[in-house]
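This briefing introduces one protein structure to a reader who has not met it before. Please keep the sequence and the structure in view while reading.

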Amino acid sequence: GGWLQEPPLLEKLVAEKLEREADTVRAEGWKWIEVVTELPYGFGHGLRQLNGREVPMTDEETAARDTLQAELDDLEAEYAEAPNMPEEIDRRLREIETALEAFEERLVVYEPDDITRAGAFVSIDSTGTLRVERGYVRPEDEPPIKNDEEDEGDASDRRRMTSSGEDT
């Protein structure tokens with residue numbers, strides 16, 4: 001509960017924080033960055049989303065994730081029948097779940113050529129956490145489509161011109 005006396009000040013602080021985060025994303029080399037407090041439904045409509053390559057977990061990360069998962073399973077089994085869970089156990093369960101979620105959100109790597117024509121959205125998700133959606137290509141930034149039939153036609157025209165003695 002409570003109230004906010006100066007909503008414009010909060011909006012300004014949020015916008016400044018998002019711009020700082022957007023600068024970090026800009027440094028990755030994206031062609032464009034759109035900063036919005038909340039991404040609207042269908043924000044990517046009309047845009048092509050690139051398929052990046054997810055960075056696999058290292059052996060150390062896999063071992064750490066497995067250890068956390070085992071601890072989570074043990075605590076949940078131990079307190080499954082308990083009428084009240086101790087506060088420190090509840091806090092530890094939340095910490096483990098947060099850490100496990102971080103393992104599931106793997107870094108995605110994009111090709112340098114894709115980055116130079118695509119962009120990203122920087123916003124806040126429904127829980128107040130930074131949300132960065134990378135790898136969206138606007139229609140005007142799409143590479144030109146090469147038409148094989150035209151290329152073949154141009155090549156045969158050049159061959160005809162060359163064989164007839166005309167300059168190419």
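In what follows, two residues are in contact when heavy atoms lie within 4.5 Å. The model is predicted. The protein has 168 residues, of which 21% count as buried.

**Overall architecture**

- The secondary structure of the protein consists of five helices and six strands.
- Read from the N terminus, the order of the elements is α-β-β-β-α-α-β-α-β-β-α.
- When contacts between residues at least 6 apart in sequence are considered, 69% of them join residues at least 24 apart.
- The exposed area of the protein is about 12700 Å², and carbon and sulfur atoms account for 50% of this area.

**Nonpolar cores**

- The largest nonpolar core comprises twelve residues: Leu-18, Ala-22, Val-25, Trp-30, Ile-33, Leu-50, Tyr-110, Ile-115, Ala-118, Ala-120, Val-122 and Val-137.
- Helix α1 (7-26) and strand β5 (119-124) each contribute at least two residues to this core.
- The greatest contribution to this core comes from α1, which provides three residues.
- A second core, separate from the largest one, has nine residues, among them Leu-72, Tyr-79, Ile-89 and Phe-103.

**Surroundings of Leu-18**

- Leu-18 is a member of the largest nonpolar core.
- Apart from neighbours within four places in sequence, Leu-18 is in contact with Val-35, Val-36, Thr-37, Val-122, Ser-123, Ile-124 and Leu-130.
- Of these partners, Val-122 also belongs to the largest nonpolar core.

**Asp-114**

- Asp-114 is located in helix α4, which covers residues 112-115.
- Is Asp-114 buried or exposed? Asp-114 counts as buried because its relative accessibility is 15%, and the cut-off for buried residues is under 20%.
- The side chain of Asp-114 forms a polar contact with the side chain of Arg-117, at 2.8 Å.

**The largest pocket**

- The volume of the largest pocket is about 520 Å³.
- Its lining is made up of 16 residues.
- Which of the lining residues lie nearest the centre of the pocket? They are Glu-105, Arg-106, Val-132, Glu-133 and Arg-134.
- Helix α3 (87-104) and strand β6 (130-137) each provide at least two residues of the lining of the largest pocket.
- Strand β6 gives the most to this lining, with five residues.

Notes
Residues numbered from 1 in each chain as written. Predicted model: local features only at pLDDT ≥ 70, side-chain atom pairs only at ≥ 80, totals over all residues. Heavy atoms only, no water. Helix = DSSP H or I, 4+ residues; strand = E, 2+ residues; numbered from the N terminus. Buried < 20%, exposed > 50% of the residue type's maximum accessible area, 1.4 Å probe, protein only. Polar contact = N/O pair within 3.5 Å; in protein donor to acceptor, adjacent residues only side chain to side chain. Areas by Shrake-Rupley, 256 points an atom, 1.4 Å probe, with all protein chains shown as cover. Core = buried A, V, L, I, M, F, W, Y, C linked by side-chain atoms within 4.5 Å. 1 Å grid on protein atoms, 1.4 Å probe; cavity = no way out; pocket = protein on both sides within 12 Å on 5 of 7 lines; lining within 4 Å. Points joined across faces, edges and corners; volume = space filled by probe spheres on them.
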